[in-house]
Amino acid sequence: MQATAGFSASNTTTCEGGSVNFIDGSLGIITSYEWHFEGGTPATSTDANPTVTYNTNGVYDVTQIVSDGTTSDTLEMEDYITAMSVPAQAGTPSGSADPCQNSSPQYSTDPVTYASSYTWTVEPANAGSFSGNGATTTLNLSQTYTGTINIKVRAENECGDGAWSNALTSTVRATPTIYNITAQGTGAYCEGTSGTELLLDGSETGVDYELFLDDVSTGIFVSGTGDTISFGVQSEEGIYTAMGATDYCSQDMSGQHLGTYDQCSRNPWNSSWKYRCLR
């Protein structure tokens with residue numbers, strides 16, 4: 001069998017200053033070896049199984065030339081060895097500057113060369129926790145925390161950890177509290193009457209509440225007072241809901257069915273609602 005070059009390596013990825021053992025896999029009766037190691041020390045070797053150190057990060061070719069004294073064969077493996085350095089400092093994260101309480105905003109940093117994972121941190125720790133260790137991650141904010149948070153990220157690989165990034169400062173905004181829409185007296189009214197008043201059983205100052213009928217805005221907006229508020233008398237049948245909103249956050253309120261009696265002596269429009277007739 002004539003000389004046929006072939007080899008493998010103990011590892012094809014190493015850290016700066018790390019070594020790689022090359023293992024001869026050539027065929028035939030080999031009488032001489034000639035190796036060339038781009039970026040390696042030594043740069044060449046005539047050993048059958050040389051050990052090479054890579055002192056500078058980069059991606060490097062390896063070439064083996066074997067001879068049986070009569071014929072020779074060459075195998076070049078392009079970009080075969082990767083020498084990594086400890087990742088550089090990650091860039092300042094980007095993402096929402098005004099996330100809402102109990103939400104899950106995403107934050108990201110520019111990918112760092114040689115990084116295999118990222119560690120994210122938020123201060124204070126009770127503001128929430130991250131899920132995901134990539135260059136983009138999700139911050140699961142606490143149901144109770146509001147106020148300033150600082151977000152940092154660090155790039156990591158098997159060679160070590162990069163420096164923590166500069167902090168992104170954000171402000172967690174309060175999400176409106178959920179209140180219930182209730183009907184004044186009942187959730188049904190008699191035909192021929194003006195309808196029934198819809199109330200929200202609580203409200204917050206600084207929050208505006210919008211009334212919806214079957215998911216379509218009624219155009220009715222009421223500012224929160226810190227107490228029960230009224231959306232006025234309504235006469236359209238359907239499901240009424242509301243949304244409370246601030247400059248930053250919104251929250252759906254619990255809804256209410258509203259219907260009419262066909263006659264005051266009959267059951268409501270939906271027999272599952274045991275309301276008495278308004279008189």
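How many aromatic pairs does a search of the whole structure find? The search returns 8 aromatic pairs, where rings of Phe, Tyr and Trp (its six-membered ring) pair if their centres lie within 6.5 Å, and planes under 30 degrees apart count as stacked, over 60 as edge-to-face and the rest as tilted. The model is predicted, so local features need pLDDT of at least 70 and side-chain atom pairs count only at pLDDT 80 or more, while totals for chains, interfaces and linings use all residues. Residues are numbered from 1 along each chain as its sequence is written, and side-chain values use heavy atoms, with hydrogens and water left out.

One of the aromatic pairs is formed by Phe-7 and Trp-35, which meet edge-to-face at 5.2 Å centre to centre with 65° between the planes. This pair links distant parts of the chain, as Phe-7 belongs to strand 1 (residues 7-9) and Trp-35 to strand 4 (residues 32-37), 28 residues apart. Helices (H or I, at least four residues) and strands (E, at least two) are DSSP runs, numbered from the N terminus. Both Phe-7 and Trp-35 are buried, a label for residues under 20% relative accessible area, with exposed meaning over 50% and partly exposed in between (1.4 Å probe, protein chains only). Phe-7 also has a second partner: the ring centres of Phe-7 and Tyr-80 are 5.6 Å apart and the planes stand at 90°, so this pair too is edge-to-face. Because Phe-7 lies in strand 1 and Tyr-80 in strand 9 (residues 72-84), the pair ties together parts that are 73 residues apart in sequence. Phe-7 counts as buried because its relative accessibility is 12%, and Tyr-80 is likewise buried, with a relative accessible area of 17%. Together, Phe-7, Phe-22, Trp-35, Phe-37 and Tyr-80 make up one aromatic cluster. Elsewhere, Arg-173 lies over the face of Tyr-248, at 4.0 Å from the ring centre; such a placement requires NZ of Lys or CZ of Arg within 6 Å of the ring centre and within 35 degrees of the ring normal.

Strand pairing comes next. Two strands pair if DSSP finds at least two bridges between them. Strand 7 (residues 51-54) is joined by 4 bridges to strand 3 (residues 18-24), and the two run antiparallel. Here Ser-19 has Thr-53 of strand 7 as its bridge partner. Strand 7 also pairs in the antiparallel sense with strand 5 (residues 40-41), over 2 bridges, and Gly-40 stands opposite Tyr-54 in strand 7. In a regular strand the side chains alternate between the two faces of the sheet. Along strand 7, Val-52 and Tyr-54 point to one face and are buried, whereas Thr-51 and Thr-53 point to the other and are not.

Strand 14 (residues 136-141) offers a similar view of bridging partners. Strand 11 (residues 106-108) pairs with strand 14 in the antiparallel sense over 3 bridges, with Thr-137 in strand 14 as the bridge partner of Tyr-107. Strand 13 (residues 128-131) pairs with strand 14 over 4 bridges, also antiparallel, and Phe-130 stands opposite Leu-139 in strand 14. The hairpin of strand 13 and strand 14 has 4 residues between the strands, and in this hairpin Gly-132 takes a positive phi near 110°.

The structure holds 2 disulfides, each a pair of cysteine sulfur atoms within 2.5 Å. One joins Cys-15 to Cys-159, with an S to S distance of 2.0 Å, and this link is left-handed, with -100° about the S-S bond. Cys-15 lies in strand 2 (residues 13-15) and Cys-159 in the loop between strand 15 (147-157) and strand 16 (160-161), so the pair ties together parts that are 144 residues apart in sequence. The other joins Cys-100 to Cys-249 at 2.1 Å from S to S, and is also left-handed, with -110° about the S-S bond. Cys-100 sits in the loop between strand 10 and strand 11 and Cys-249 in the loop between strand 24 (238-245) and strand 25 (250-252), a link between distant parts of the chain that are 149 residues apart. Cys-100 counts as buried at 19% relative accessibility, and Cys-249 is buried with a relative accessible area of 3%.

Cys-159 appears again among the neighbours of Val-86. Val-86 is found in the loop between strand 9 and strand 10 (94-95) and is partly exposed, with a relative accessible area of 38%. Not counting residues up to four places away in sequence, Val-86 touches Asn-157, Cys-159, Gly-160, Asp-161 and Gly-162, contact meaning heavy atoms within 4.5 Å. The C-alpha atoms of Val-86 and Ala-115 are separated by 8.0 Å, with their positions 29 residues apart along the chain.
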